[in-house]
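Trainee: Could you take me through one part of this structure in close detail, and then show me how the rest of the chain is arranged around it? I would love one connected walk rather than a list.

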Amino acid sequence: MKFSSHIKVNYENRDPLAATDALFSRRWSPRALRRAEIPDEILDSLFDAARWAPSCYNEQPWIFLAPGDGEFDLFLSLLNEGNQSWARDAALIGFICARKHFARNGGENRHAVFDCGAAWMSLALQASRHGLYAHGMAGIKRGEVHKKLGVPEDKFAVVCGFAVGALDQPGKLPADLAAREKPSPRKPLSEVRLRGNARAALAK
């Protein structure tokens, strides 16, 4: 099943190389989302994609918290007010937590958040495959997530929130957000991959 939308998205700000799969450059994070009914098998596939992400020592330190029946408004309340203004129309709101310590030896896992990022990207790309959109959020009430969702602070770090939904019209958003509702550009490749003499830029 693939969710389709009649809304035209302008990708003129994006300039991928010809050899780069469009899956990466066509992924973006809109705020104008629609609360589409997502079948369980499609929803499960998002988290299954995250399950296959690589991680240090294969620890898989990520935990994805998703609402149970009747908990959508609780999860919404754990976002900051700015994110609540648009995420209220999403099909799903959740949070990603990173296990702080290795299960293998109890040592601090300084790579856990990095690994959670890989799992998040896997989820977002799988959402794109279904014609859905995923938007990660830093603006969340981390202390409240710990408290209200029962996440032990000594064991887990709350990394971010996320919303998933089908694409909707930008005009539904507050004016300031609607003006930003388009795929964002990226730095030139020459600023991302530094080799040879170009590494001198790191000292500037």
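Mentor: Strand β1, residues 33–34, is joined to β5 by 2 bridges, and the two strands run antiparallel. Within that pairing, L33 stands opposite L167 in β5. Please keep in mind that this is a predicted model.

Let us stay with β5, since other strands meet it too. β3 pairs with β5 in the antiparallel sense, this time over 8 bridges. To find that pairing on your screen, look for R99, whose bridge partner in β5 is F156. β4 is another antiparallel neighbour of β5, with 5 bridges between them. Here a good landmark is G136, which stands opposite F162 in β5. With that picture in mind, how many of the 12 residues of β5 are buried? The count is 10, so β5 is largely enclosed by the rest of the structure.

Now follow the chain out of β5. The loop between β5 (156–167) and α7 (175–178) holds K172, and this lysine is worth a pause. K172 forms a salt bridge with D168, their closest N and O atoms lying 2.9 Å apart. K172 also forms a salt bridge with D89, where the closest N and O atoms are 3.2 Å apart. D89 sits in the loop between α4 and β3 (92–99), 83 residues from K172, so this pair links distant parts of the chain. Taken together, D89, D168 and K172 are linked in a network of salt bridges. As a general point, side chains of opposite charge can pair when their charged atoms come close. Are these residues buried or exposed? Neither label fits the two ends of the longer-range pair: D89 is partly exposed, at 29% relative accessible area, and K172 also counts as partly exposed, at 35%.

The salt bridges do not end there, for a search of the whole structure finds 5 of them. One involves E81 and K141, whose side chains meet with an N to O distance of 3.6 Å. E81 lies in helix α4 (residues 81–87), while K141 lies in the loop between β4 (133–137) and α6 (142–148), so the pair ties together parts that are 60 residues apart in sequence. The two partners sit in unlike surroundings: E81 is exposed, with a relative accessible area of 56%, whereas K141 counts as partly exposed at 29%.

From charged pairs, let us turn to a helix contact. Two packed helices are described by the angle between their axes and the distance between the axes. Helix α2 (residues 40–51) and helix α5 (residues 112–129) have axes that come within 7 Å and cross at roughly 140 degrees. The crossing of α2 past α5 is right-handed. On the α2 side, the residues in the contact are S45, L46, F47, A49 and A50, and they meet A119, S122, L123, Q126 and A127 of α5. By character, the residues of this contact divide into 7 nonpolar, 3 polar and no charged. That makes a nice counterpoint to the salt bridges we have just visited.

Leaving α2, the chain brings us to the loop between α2 and β2 (62–65), where Y57 is found. Y57 counts as exposed, at 55% relative accessibility. Its contacts include F102 and R104, once residues up to four places away in sequence are set aside. For a sense of scale, the C-alpha atoms of Y57 and A178 are separated by 42 Å, and the two residues are 121 residues apart along the chain. The backbone deserves a look here as well: Y57 has a positive phi of about 55 degrees although it is not a glycine.

Q60 lies in that loop between α2 and β2 too. Q60 likewise has a positive phi, about 50 degrees, and it is not a glycine either. At 35% relative accessibility, Q60 counts as partly exposed.

If you want one route to retrace on your own, begin at β5 and its antiparallel pairing with β3, step on to the network of D89, D168 and K172, and finish at the contact of α2 with α5.

Note on methods: Residues numbered from 1 in each chain as written. Predicted model: local features only at pLDDT ≥ 70, side-chain atom pairs only at ≥ 80, totals over all residues. Heavy atoms only, no water. Salt bridge = Lys/Arg side-chain N within 4 Å of Asp/Glu carboxyl O. Helix = DSSP H or I, 4+ residues; strand = E, 2+ residues; numbered from the N terminus. Buried < 20%, exposed > 50% of the residue type's maximum accessible area, 1.4 Å probe, protein only. Pairing = 2+ DSSP bridges. Axes fitted to C-alpha atoms, helices over the stretch in contact; angles between N-to-C directions. Left-handed = near helix turned anticlockwise from the far one by under 90°. Contact = heavy atoms within 4.5 Å. Nonpolar A, V, L, I, M, F, W, Y, C, P; charged D, E, K, R; others polar.
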